[in-house]
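Here's a quick tour of the empty spaces in a protein, plus one of its sheets. Have a look at the structure first, then work through the points below.

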Amino acid sequence: MNNLKITALFFSAFVLLSASCDGQKTNEEELPGDTLPPVETEKPNNPDFKPAFEGQTRVAGVKTATPYEAVIINDELQKPWAVTLLPDGRLAITEKGGTMRLATTDGNVGSPITGFPEVDDRSQGGLLDVAPAPDFNNSRMLYFTFAERTPQGSLTAVGKGRLSDDETQIEDFTTIYRAIPYYDNSMHFGSRLLFDKEGNIFITTGERSDLATRPNAQKLDKAHGKVIHITPEGKPVSDNPFIGTEGALPEIYSYGHRNPQGLDIHPVTGELWISEMGPRGGDEINLIKPGKNYGWAIITYGIEYSGEIIGEGITRKEGMEQPVYYWDPVLSPSGMAFYSSNAIPEWENNLFIGGLSSKHIARLVIKDNKVIGEERLLADEGQRFRDVADGKDGALYAVTDEGRLYRIGKK
């Protein structure tokens with residue numbers, strides 16, 4: 001346990017220095033506080049790719065004016081993947097190896113909770129996301145995503161089970177959904193899940209990474225590279241966009257995704273947003289609409305890791321959605337959360353995304369569904385930020401691959 005305060009950041013006023021990128025300008029009057037040059041200064045992987053509209057990438061930088069601090073409240077977690085709020089304000093934290101921990105907001109972490117099926121914890125797999133049922137206070141039901149490994153291969157699966165009264169195990173774990181087809185690798189499971197206001201579940205799935213499975217993101221008879229919408233029993237939601245479409249899986253909500261590891265609902269508009277890992281460049285934030293095609297791997301702002309172009313090397317095509325925002329070079333976005341409190345006023349309704357290879361948390365200021373400001377938080381920590389949660393106490397909570405649990409809140 002390490003209760004050392006590692007960051008205390010507060011800033012005086014700045015003048016507007018610059019808000020331009022490739023000829024783009026951002027209206028500083030729309031931004032809270034003061035604006036700075038874009039936070040990204042490295043060259044893009046493909047300088048020939050240009051944004052489709054103003055503010056789609058490298059918007060003006062911003063700095064938080066309210067004094068805040070980031071504190072490591074625990075550093076003994078074992079490969080945590082998700083941190084989620086329970087109704088009582090405690091944190092449920094999954095660990096890739098197949099256990100869950102409950103933690104208080106002062107960093108007191110309980111013993112590993114067991115009762116899960118065997119998970120495929122190779123590479124990007126394992127026990128992944130967790131969400132409490134809307135009636136958790138009565139049912140004590142938790143829902144999970146995990147990488148399931150079988151003789152047929154592996155896939156993203158969804159299961160549920162009851163948290164025992166003594167909080168030592170998950171009882172009667174049942175798998176309710178499998179994102180077919182199986183494929184024998186350990187990559188791109190996607191795997192965030194979230195309850196909507198009707199009590200149904202959104203799940204993200206990856207396209208499993210390989211060239212052989214990449215085209216599945218565009219196929220409506222495959223669950224790879226999709227946003228899925230199911231009931232708590234694992235059935236398609238009745239008004240899903242492809243209900244009744246011949247050859248289409250009725251649980252599909254949107255398609256054309258690569259590896260979406262972030263998922264949240266805007267606290268004011270109620271709209272669904274995801275963060276999505278691109279290849280070399282081309283990480284995205286997308287506003288999800290039912291039935292829409294988000295383009296992978298036909299359009300992308302990224303290139304192959306080898307440096308080759310992907311497909312025809314195009315970034316837009318009729319009938320395919322543009323990302324609200326993209327990064328090049330990459331953020332490597334994982335879990336994310338909208339900040340719903342006004343404890344730090346300029347953060348209210350901002351989006352916070354954990355960055356893996358970039359090793360920081362990205363704060364995005366959003367207005368009218370466009371990103372108008374970006375800030376990098378905790379960039380000096382050297383941590384791969386796996387997930388971010390919006391606390392009930394005006395703070396954010398974040399977990400890292402290295403096993404840390406952070407509390408980020410007003411100083």
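Keep in mind that this is a predicted model. Let's start with the lining of its largest pocket, where the residues split into 26 nonpolar, eight polar and twelve charged. Besides this pocket, we'll visit the cavities and a four-stranded open sheet.

**The largest pocket**

- The largest pocket holds about 1,200 Å³ of space.
- Its lining is made up of 46 residues. If you want to find the centre, look for Leu194, Phe195, Asp196, Asp264 and Ile265, which lie nearest to it.
- Several strands help out here: β5 (80-85), β8 (127-132), β12 (193-195), β16 (260-265), β20 (333-338) and β24 (385-390) each give at least two residues to the lining.

**The cavities**

- Here's the general idea: roll a probe the size of a water molecule over the atoms, and you see where empty space is left.
- How many cavities of 30 Å³ or more does a search of the whole structure find? It turns up two.
- The largest cavity contains about 70 Å³ of space. There are 13 residues in its lining, and Arg258, Glu276, Gly282, Glu284 and Trp296 are the ones nearest its centre.
- Sorted by class, the lining of the largest cavity comes out as five nonpolar, four polar and four charged residues.
- The second largest cavity has a volume of about 50 Å³. Around it you'll find Val39, Glu40, Thr57, Arg58, Tyr325, Tyr326, Trp327, Asp328 and Glu374.
- Which strand gives the largest share of the lining of the second largest cavity? That's β19 (residues 325-327), with three residues.
- By class, the second largest cavity is lined by four nonpolar, one polar and four charged residues.

**The four-stranded sheet**

- Strand β12, which you met at the pocket, turns up again in an open sheet with the order β12-β13-β14-β15 and antiparallel pairing.
- Why do β12 and β15 (252-255) each have one side without a neighbour in the sheet? They stand at the edges with a single partner strand each, so nothing in the sheet sits on that other side.
- On average, neighbouring strands of this sheet are turned by 15° against each other, ignoring direction.
- In general, the strands of a sheet pair through backbone hydrogen bonds, either parallel or antiparallel.
- Strands β13 (residues 201-204) and β14 (residues 226-230) run antiparallel and are joined by four bridges. Across this pair, Ile203 stands opposite Ile228 of β14.

Note on methods:
Residues numbered from 1 in each chain as written. Predicted model: local features only at pLDDT ≥ 70, side-chain atom pairs only at ≥ 80, totals over all residues. Heavy atoms only, no water. 1 Å grid on protein atoms, 1.4 Å probe; cavity = no way out; pocket = protein on both sides within 12 Å on 5 of 7 lines; lining within 4 Å. Points joined across faces, edges and corners; volume = space filled by probe spheres on them. Nonpolar A, V, L, I, M, F, W, Y, C, P; charged D, E, K, R; others polar. Pairing = 2+ DSSP bridges. Axes fitted to C-alpha atoms, helices over the stretch in contact; angles between N-to-C directions.
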